[in-house]
Structure formats: structure tokens, C-alpha cells
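This report describes one protein chain, moving from its overall make-up to a sheet, a strand within that sheet, a pocket and a single loop residue.

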Amino acid sequence: MSRGSSGIVAGLTAAALVAVGVLAFQASANVPDNLAAPRPKPSATATATEHAKPKEKSRPAALPKGSGTGKRVVYALEDRRVWLVDADGKVARTFEVMPSALSPLPGTYSVGTRQGAATKGSDGVMIEHVVRFAMVDDAAVGFSAAVDGSMESPDPTLKTGGVRMFRPDGDAMWDFATVGTKVVVVP
């Protein structure tokens with residue numbers, strides 16, 4: 001190829017790349033909002049509370065006031081957060097969770113059953129370290145971690161009670177919340 005031909009090819013290539021970049025920018029800037037992933041609406045029943053987006057706080061990791069005393073798990077529905085509190089009232093760990101399709105009413109519960117081995121959750125996801133503490137509409141509510149590490153929003157058409165957390169948090173919950181451990185649910 002002669003020197004002039006290679007210059008023309010380089011110029012055309014550069015022009016094509018600029019055109020593709022401009023078109024890509026225009027396409028991304030004009031995506032309609034309705035193409036975003038659909039967000040499931042939470043289930044609303046007489047015995048379950050609806051899920052709100054986490055409320056804005058200056059210190060979202062602060063233990064909620066009025067959440068009890070002694071060793072306990074504190075689950076804040078609106079904040080989508082859990083605190084593991086030791087017998088001295090000190091927070092051992094706090095982390096975000098994905099609420100279940102069904103949530104218990106605020107109140108005090110206790111861990112009733114646990115299942116350590118991996119099993120299929122009511123939503124079809126493989127889970128581990130299940131710590132059950134309540135019943136809502138004949139569905140068990142408990143903390144668990146997805147084996148694949150996901151923390152997806154629950155399908156609102158399913159009566160599920162799995163409050164999901166990431167695997168390291170699930171490990172901590174499993175070690176902390178033995179049968180009989182108090183679970184305090186706050187709004």
C-alpha cells in the first residue's frame with residue numbers, strides 16, 4: 001500500500017471511531033426510564049409490613065434506640081439493616097440485608113430453628129445458614145445467605161420469608177444467633 005493510501009485508511013478509521021462514540025453517547029443519554037429493570041412491589045398483607053427504601057440517616061449504622069437489652073439480633077425493616085449485639089450491649093457486627101417478601105411486625109421474637117446445610121429456599125435459590133425466628137401468613141421468616149453470594153430483591157408473587165445477606169454476614173449470623181437468641185424487629 002502506498003503512503004497516501006495508508007493515510008486515507010487511518011483517517012477513515014479515526015472518523016468511524018468518532019462517529020461510533022458519538023452514536024453510543026447519544027444512545028445512552030436517550031434511554032427511556034421504563035427500560036430500567038422492573039422493581040418488584042412488596043407484598044402487603046394484614047400481618048406483614050411493606051418495605052420502604054432505606055431512610056436517609058446521618059449514621060445508618062447506629063443501633064436503633066429502644067431495641068432492647070442484652071444479647072440480641074436487631075432487624076430494622078426500613079433501614080434494611082441488622083445488628084448483632086452482645087450481652088454487654090455492644091454491637092459486634094452490623095450489615096445490610098435484603099428484606100423478604102413477607103416481614104414480621106415490629107416486636108420481640110426468638111430464634112426457633114436453624115439449618116446449616118445448603119438447601120433450596122422457597123424462592124428456588126440455594127441458601128445456607130438459615131436462622132428462623134417468626135411466622136407470617138404460614139411462611140417461616142428467617143435470615144439466610146445465598147450460596148452464590150447474591151442478594152436479589154424477592155419476587156413479590158411468592159410468599160417467601162428469607163431475609164438475605166451476603167455470605168460473610170450469614171456466617172457471622174450463624175455463629176451468633178443460636179436457638180433461643182432474642183430477635184428484635186423495629187420499624
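Of the 187 residues of the chain, 34% count as buried, and these figures refer to a predicted model. Among contacts between residues at least 6 apart in sequence, 56% join residues that are at least 24 apart. The secondary structure comes to two helices and ten strands, and when the chain is read along the sequence these elements follow the pattern α-β-β-β-β-β-β-β-β-β-α-β.

**The five-stranded sheet**

Five of the strands form an open sheet with mixed pairing, in the order β3-β2-β1-β10-β4. Its edges are β3, residues 91-96, and β4, residues 107-110, each of which pairs on one side only. From one strand to the next, the twist of this sheet averages 20 degrees.

Strand β2, residues 81-85, is joined to β3 by five bridges, and the two strands run antiparallel. Strand β1, residues 72-76, also pairs with β2 in the antiparallel sense, again over five bridges. The residue pairs below give the register of β2 against these two strands, with W83 placed opposite V74 of β1 and having T94 as its bridge partner in β3.

| Residue in β2 | Residue opposite | Strand of the residue opposite |
|---|---|---|
| W83 | V74 | β1 (residues 72-76) |
| W83 | T94 | β3 |
| V82 | F95 | β3 |

The connections on either side of β2 are hairpins, and each contains a residue with a positive phi. In the hairpin of β1 and β2, which has four residues between the strands, R80 takes a positive phi near 55 degrees. In the hairpin of β2 and β3, with five residues between the strands, the positive phi belongs to G89 and lies near 85 degrees.

**Burial of β2**

In a regular strand the side chains alternate between the two faces of the sheet. For β2, R81, W83 and V85 point one way while V82 and L84 point the other way, and all of them are buried. Because five of the five residues of β2 are buried, this strand is largely enclosed by the rest of the structure.

**The second largest pocket**

Which elements give two or more residues to the lining of the second largest pocket? They are β6 (119-120), β7 (126-136), β8 (139-146) and β9 (162-165), and the largest share, six residues, comes from β8. The volume of this pocket is about 240 Å³, and its lining consists of 19 residues, of which S122, I127, A140, G161 and G162 lie nearest its centre. By chemical class, the lining of the second largest pocket divides into six nonpolar, eight polar and five charged residues.

**Loop residue T160**

Is T160, in the loop between β8 and β9, buried or exposed? With a relative accessible area of 4%, T160 is buried, because the cut-off for that class is under 20% relative accessible area. When residues up to four places away in sequence are not counted, T160 touches S100, A101, L102, S122, D123 and P154. One of these contacts, S122, is also among the residues that lie nearest the centre of the second largest pocket.

Conventions:
Residues are numbered from 1 along each chain as its sequence is written. This is a predicted model: local features need pLDDT of at least 70, side-chain atom pairs count only at pLDDT 80 or more; totals for chains, interfaces and linings use all residues. Side-chain values use heavy atoms; hydrogens and water are left out. Two strands pair if DSSP finds at least two bridges between them. Axes are lines fitted to C-alpha atoms, for helices over the stretch in contact, and angles run from 0 to 180 degrees between N-to-C directions. On a 1 Å grid over the protein atoms alone, a cavity is a set of points where a 1.4 Å probe fits but cannot get out, and a pocket is an open set with protein on both sides within 12 Å along at least five of seven lines; lining residues have an atom within 4 Å of a point. Grid points are joined across faces, edges and corners, and a volume is the space filled by probe spheres set on the points. Ala, Val, Leu, Ile, Met, Phe, Trp, Tyr, Cys and Pro count as nonpolar, Asp, Glu, Lys and Arg as charged, and the others, Gly among them, as polar. Buried means under 20% relative accessible area, exposed over 50%, partly exposed in between (1.4 Å probe, protein chains only). Contact means heavy atoms within 4.5 Å.
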